[in-house]
Amino acid sequence: MMTSRDDCSAAQALAGAIALGEASDSERDRYRAHLAGCAHCVNELGGERELERVMAVVVQARDDERWEPDIRKALARRHAPRRAWSWAATFAVAVIVVAGFLAGEKKPQATAPQHTVSAKDVRAIAALDTQTAPRREGRAESLVVGSAVPVTTAFAVSVDQRGIPLRCSITKSSGYSAVDRAVCRAALQVHYRPPSHH
Amino acid sequence: MQRDVEACSGTDRTAIAQARTESLVLEYQTKLGRYLRRMVGDAEVALDLTQEVFLSAYRMLQADPQRELTAGWLYRAATNGAISFLRRKRILRMLPLDREIDRNTWRVDERSAASVDLQVALGKLPPDQSAALLLTSYAGYSSTEAATMLGTTSSAVRQRVCRAMRILRTIMREGME
C-alpha cells in the first residue's frame with residue numbers, strides 16, 4: 001500500500017495525540033492502520049507502546065523536578081553590590097559622633113548637648129535611606145568608608161513638650177547628602193528630654 | 001463600573017496592579033520558572049525571563065487594572081521571551097566568545113536519567129517543538145490550549161510533540177548503547 005506525505009503528516013499528529021493521551025479510539029485505529037502500511041512511520045514514530053514509553057520519560061522528569069524558583073530572592077541577589085554598599089554606609093554613619101543642637105519648638109536652647117546616635121538606630125535608618133538613595137550617591141559614600149575618615153554632621157531638632165522630635169535640619173553638612181539624611185532620620189527616631197519650663 | 005475604573009487615581013491603579021501581580025507571582029512563578037528553565041536550559045536565565053513576564057504583567061495591569069490575565073497569557077509571554085533568548089543565543093554562538101550553558105546549575109536531585117535525557121533532547125529541538133512538548137506534557141495543557149498560546153492549531157501542536165519525541169527517542173537509544 002502506498003502512503004502519501006500527507007498521510008504521514010497526519011500520522012504524526014495522531015502519534016502526538018496518542019503520546020499526550022488525547023487520542024480517541026478511532027484516532028488510535030487510524031494510527032494503527034497507517035503503521036500497518038507504512039514502514040517509514042513504524043521506524044520513525046514507533047507504535048503506541050513506544051510513544052507512551054518515551055512520554056513516560058518526560059513525565060518522570062517533570063515529577064523529579066525540585067527547583068523552586070524565587071524571583072524576589074533572585075532580585076535581591078542581583079542587587080548584591082548595592083546591598084554591600086548599604087552595609088558600608090551603615091558603618092560610615094555608625095562611626096559618626098554627631099554634634100546635635102537640641103532646640104525648643106520656637107526658641108533655640110543655649111546649651112548644645114552632644115548626642116551620639118546609636119549604631120542600632122542608625123543601622124535601621126541608614127538601610128532605609130540607602131534603599132531610596134540613587135546609586136551615584138552610593139559610590140560617593142563608599143569612598144568615605146574606604147578612606148576611613150569619620151565625618152561630622154551637625155543638626156538641630158525641634159521637639160514638642162513631650163520630647164517628641166518634630167523637625168530636623170542639618171546645620172552643618174557632612175558633605176554627603178545621604179549621610180545627612182540618614183542622620184536626620186535617626187535623630188527623629190530618638191525620644192528627647194522635654195524642654196524645661198522656666 | 002466603567003466610570004469607577006476611570007475615576008481610579010494613579011495610586012489606586014498602582015496598588016491594584018501591585019496586588020494582582022503579587023498574587024500572580026505566588027501562583028505561577030514555580031510553574032513558569034520550571035517551564036522556562038526547561039526551555040532555555042539555564043536557571044539564571046530562566047529567573048530573568050520569569051521576572052520579565054511578571055514585569056510585563058505588571059505594566060499591563062497598571063495601564064488597565066481590571067484586565068484579565070490568564071495562565072495562557074503568562075505562558076505566551078514566557079514562550080516568546082524564551083524563543084527570543086534562544087534566537088539571540090544562536091546568533092551569538094557564531095562569535096568566538098561563546099559561553100556554553102552550564103549544566104552544573106542542574107541540582108543533583110534533578111539529575112535523574114529522565115531529567116538529563118529530557119534536557120539533552122530539548123537542547124537539540126527547535127524552540128517551537130520544545131515549547132509544544134513542554135506546554136502539554138510538562139505544564140499540563142491540552143494540545144488545544146497550547147495551540148492558542150503558540151498561535152497555531154492543535155494538530156500542529158500534536159505534530160510538533162511527535163517530532164520532539166522522535167529526537168528524545170533517539171537520545172534515549174544512544175544512552176542505552
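This is a short chat about how chains A and B meet in a predicted model.

Q: How many residues does each chain put into the contact?
A: Chain B gives 43 residues and chain A gives 39 residues.

Q: And what area is buried between them?
A: About 3800 Å² is buried between chain B and chain A. Carbon and sulfur atoms give 56% of that area.

Q: Why quote an area at all?
A: The size of an interface is often given as the accessible area lost when the parts come together.

Q: Which three residues supply more of chain B's buried area than any other three?
A: They are B:Arg34, B:Arg158 and B:Arg169. Together they supply 18% of the area that chain B buries against chain A.

Q: On to salt bridges. How many cross the interface?
A: Eight are found across the interface of chain B and chain A. The search of the whole structure finds 15 over all chains.

Q: What does B:Arg158 pair with?
A: The side chain of B:Arg158 meets that of A:Glu27 in a salt bridge, at 3.4 Å from N to O. This pair crosses between chains. A:Glu27 sits in helix H2 (residues 25-37) of chain A, and B:Arg158 sits in helix H8 (residues 154-176) of chain B.

Q: What about A:Glu65, which residue is its partner?
A: A:Glu65 forms a salt bridge with B:Arg38. Their closest N and O atoms are 3.9 Å apart.

Q: Now helices. At what angle do H4 of chain A and H6 of chain B cross?
A: Roughly 70 degrees. H4 covers residues 48-64 of chain A, and H6 covers residues 127-138 of chain B. Their axes come within 10 Å.

Q: So are H4(A) and H6(B) roughly parallel or roughly perpendicular?
A: Roughly perpendicular to each other, because angles of 65 to 115 degrees count that way. H4(A) passes H6(B) in a right-handed crossing.

Q: Which residues make that contact?
A: From H4(A), A:Met55, A:Val58, A:Ala61 and A:Arg62. From H6(B), B:Leu133, B:Ser137 and B:Tyr138. The residues divide into five nonpolar, one polar and one charged.

Q: Switching to a pair inside chain B. How do H2 and H3 cross?
A: Helix H2 (residues 10-40) and helix H3 (residues 43-63) of chain B cross at roughly 150 degrees. Their axes come within 8 Å. That makes H2(B) roughly antiparallel to H3(B).

Q: Is the crossing of H2(B) and H3(B) left-handed or right-handed?
A: Right-handed.

Q: And what kinds of residues are in the contact of H2(B) with H3(B)?
A: They divide into 17 nonpolar, seven polar and three charged.

Key: Residues are numbered from 1 along each chain as its sequence is written. Chains are lettered from A and ligands numbered from 1 in the order in which they are written. This is a predicted model: local features need pLDDT of at least 70, side-chain atom pairs count only at pLDDT 80 or more; totals for chains, interfaces and linings use all residues. Side-chain values use heavy atoms; hydrogens and water are left out. Axes are lines fitted to C-alpha atoms, for helices over the stretch in contact, and angles run from 0 to 180 degrees between N-to-C directions. Helices (H or I, at least four residues) and strands (E, at least two) are DSSP runs, numbered from the N terminus. Angles under 35 degrees count as roughly parallel, over 145 as roughly antiparallel, 65 to 115 as roughly perpendicular and the rest as oblique. A crossing is left-handed if the near helix is turned anticlockwise from the far one by less than a right angle, and right-handed if clockwise. Contact means heavy atoms within 4.5 Å. Ala, Val, Leu, Ile, Met, Phe, Trp, Tyr, Cys and Pro count as nonpolar, Asp, Glu, Lys and Arg as charged, and the others, Gly among them, as polar. Buried area is the accessible area (1.4 Å probe) that two parts lose on being put together, summed over both. A salt bridge is a side-chain nitrogen of Lys or Arg within 4 Å of a carboxyl oxygen of Asp or Glu.
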